[in-house]
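Dear colleague,

I am handing over the structure we spoke about, and I would be grateful if you could look through it with the notes that follow beside you.

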Amino acid sequence: QTLLSYPTGASTPQPDAAEQCGFSDAANQVYRCELREGLKFSNGDALDAQAVKYSFDRIRKINVNGGPAGLLGSLERVQAPNDREVVFHLKSPEAEFLTNVSEMVGGMEIQSKAHFDKVGKPPSLQDEPIAGTGAYQYKERVQSQYIRFERVPYQHWRLSTEFPELEIRWQNEAS
């Protein structure tokens with residue numbers, strides 16, 4: 001999940017993992033989000049403000065050309081004053097900030113800090129990915145063939161899943 005989403009037909013981002021968000025200063029440089037209560041990652045870890053802070057701090061460190069870190073250039077720091085509140089401090093007002101932290105930009109997804117700390121390193125393609133917040137969780141992968149996900153074992157807070165498994169396959173093609 002991301003903090004904000006764009007529901008069908010919406011022209012502005014709406015709270016997603018966040019219950020409510022908004023700028024809390026006249027200069028539009030401090031953006032506060034209150035997270036929904038009871039959210040969890042696919043492995044059962046709680047999705048809290050520390051996980052959001054960890055995710056954005058990590059994204060900012062991964063400075064790959066064209067990657068998500070470049071979209072957070074105006075972000076000065078992230079705070080987690082309590083379990084449900086996240087505060088983003090911008091260096092200057094940024095018109096695209098809300099879009100950049102929403103589902104409209106891949107790579108801004110929130111990941112489990114507890115799972116990352118347990119694993120101790122960024123995952124490679126041979127490792128299980130860090131737990132996310134979607135309605136499906138990692139099950140298995142066969143290199144160059146497929147990656148398979150299974151429905152989380154609880155009712156996801158936002159999505160109803162129709163299929164028990166989801167498989168993405170790599171196929172050779174003439175091109």
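**The nonpolar core**

In this predicted model, the largest nonpolar core holds 27 residues, and those that touch the most other members are L3, V52, F56, L72, F88, F97 and I110. The elements that contribute two or more residues to this core are strand β4, helix α1 (49-61), strand β5 (75-82) and strand β6 (85-90), and among these α1 gives the most, with five residues.

To see what such a position looks like in detail, please select V52 and ask which residues it is in contact with once its neighbours within four places in sequence are left aside. You should find L3, L35, L47, V86, F88 and I110 around V52, and of these, L3, F88 and I110 are also among the residues that touch the most other core members.

**The disulfide**

A disulfide is a covalent bond between the sulfur atoms of two cysteines. The model has one disulfide, formed by C21 and C33, whose sulfur atoms lie 2.4 Å apart. The pair links distant parts of the chain, since C21 belongs to strand β3 (residues 18-23) and C33 to strand β4 (residues 30-35), twelve residues apart. The torsion about the S-S bond of C21 and C33 is about 115°, and therefore the disulfide is right-handed.

Are the two cysteines buried or exposed? C21 has a relative accessibility of 26%, so it counts as partly exposed, whereas C33, at 2% relative accessibility, counts as buried because buried means under 20%.

With best wishes

Note on methods: Residues numbered from 1 in each chain as written. Predicted model: local features only at pLDDT ≥ 70, side-chain atom pairs only at ≥ 80, totals over all residues. Heavy atoms only, no water. Disulfide = S-S within 2.5 Å. Helix = DSSP H or I, 4+ residues; strand = E, 2+ residues; numbered from the N terminus. Buried < 20%, exposed > 50% of the residue type's maximum accessible area, 1.4 Å probe, protein only. Core = buried A, V, L, I, M, F, W, Y, C linked by side-chain atoms within 4.5 Å. Contact = heavy atoms within 4.5 Å.
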